[in-house]
Structures are given as structure tokens and as C-alpha cells.
Amino acid sequence: MLILLDIDGVMVRAKSWESPQALEDGFYDFDQRAVDALNAIIAGSNAKIILTTSHKYSFSIDQWINIFKNRGVNVSTIYRIDKNDDHKNRREEIANWFFTSSDVQDFVILDDDKSLNGLSPILKDRLILTSAMVGLTKNHVNDALNILATPLERV
């Protein structure tokens, strides 16, 4: 099971009136409600994280694991979708990941990017679209777990 995870607007709330606080490791602090919700999703599914955030290549995988652990996220494995060398938008990146990963079965997409409403139905059905100003909350946990428990049927 996999969580395709954006960070800005999901783990870090977007507040136009202030910049997010960076911690000593050089990355933004996560909203505690988002940490609690993500931990509940991971605990309920044993899912691994695949970073889809624009920051995904700003740090090594080991650094990302430490960043998440320093913020209280119980994760031991983190992946990233491929580097975006040809400047795809998020919707195209996720679609490309899915259609080139034939062994992928159970996943949920956690993101605030409204362009993801344009995903194909098979992908959009696995999307939880957060509000950038609110981020991930406990209200998203059951939906995420239900999506992860639903077998994927590739056409």
C-alpha cells in the first residue's frame, strides 16, 4: 500500500499571511493535525510514502526519513516519483507514474492541487484533495483507509 504524498497544502498549511517555519534540518515544520492524520493512515494500512511534492528531490531519501521522523511521522520507507526533468505538471507526473508502474495495486493520493480533478477516473477515485489552508486532518483518515482497502481494477 502506498500514499502518494504532497507536502505543501497537505502536511504544511498554506497561510498567505505568513511563511512556514523551517526547522533545524532546513525543511518546514508539519502541522500537528496532519502528522496525527498521516500516522493514523499509516498505522491503519502499513502504507509506505511516495513523495510527489515539488520538494521531492531537495533532500536524499535518508534525509527525508529523518525529516518525517523529526516531525513525529512513523515512517520507515519513503520513495519518490521520478524526477520531473521534462516539467510535467502534478497531474501528468502522477498519471505517468501510474501507467508506468504495472505492479501498483493499492494507493491513495493526498494532495491539494486542484488540477488533479482532471485525473482519469481510475486515479481520481483514489484522490483525497485537501484544502491548502487546512491540510490533512482526521476527517480524511477514514476516506484514505477506505481507498487503500479497495482493490484497484486496471482496465
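**Exercise 1. Find which residue of E3 stands opposite Ile 50.**

Step 1. Ile 50 stands opposite Tyr 79 in E3. Strands (E, at least two residues) and helices (H or I, at least four) are DSSP runs, numbered from the N terminus.

Step 2. Now widen the view to the strands themselves: E2 and strand E3 (residues 78-80) run parallel and are joined by three bridges. Two strands pair if DSSP finds at least two bridges between them.

A word on the model before going on. It is predicted, so local features need pLDDT of at least 70 and side-chain atom pairs count only at pLDDT 80 or more, while totals for chains, interfaces and linings use all residues. Residues are numbered from 1 along each chain as its sequence is written, and side-chain values use heavy atoms, with hydrogens and water left out.

**Exercise 2. Describe the pairing of E1 and how its two faces are covered.**

Step 1. Start with E2: strand E1 (residues 2-5) pairs with strand E2 (residues 48-51) in the parallel sense, over four bridges. Here Ile 3 stands opposite Ile 49.

Step 2. Turn to E4: four bridges also link E1 to strand E4 (residues 107-111), and the two run parallel. The bridge partner of Leu 5 in E4 is Leu 110.

Step 3. Look at the faces. In a regular strand the side chains alternate between the two faces of the sheet. In E1, Leu 2 and Leu 4 lie on one side and Ile 3 and Leu 5 on the other, and all are buried. Buried means under 20% relative accessible area, exposed over 50%, and partly exposed in between (1.4 Å probe, protein chains only).

**Exercise 3. Place Leu 136 and Lys 69, and decide whether each is buried, partly exposed or exposed.**

Step 1. Leu 136 sits in the loop between strand E5 (127-129) and helix H5 (141-149). Its relative accessibility is 0%, so Leu 136 counts as buried.

Step 2. List its neighbours. Leaving out residues up to four places away in sequence, Leu 136 touches Val 10, Met 11, Arg 33, Ala 34, Ala 37, Leu 38, Ile 41, Leu 110 and Thr 130; contact means heavy atoms within 4.5 Å. One name on that list, Leu 110, is the E4 residue that partners Leu 5.

Step 3. Check a distance: Leu 136 and Asp 125 are 11 residues apart in sequence, and their C-alpha atoms are 18 Å apart.

Step 4. Lys 69 belongs to helix H2 (residues 61-70). With a relative accessible area of 46%, Lys 69 is partly exposed. Its C-alpha atom is separated by 23 Å from that of Asp 112, 43 residues along the chain.

**Exercise 4. Work out the order of the elements and explain why the protein counts as compact.**

Step 1. The protein has five helices and five strands. From the N terminus on, they run β-α-β-α-β-α-β-α-β-α.

Step 2. The radius of gyration is 15 Å, close to the 15 Å that the globule rule gives for 155 residues, so the protein is as compact as a globular protein of that length. The radius is taken over C-alpha atoms, and the rule is 2.2 Å times the number of residues to the power 0.38.

Step 3. Add the burial: buried residues make up 44% of the 155 residues.
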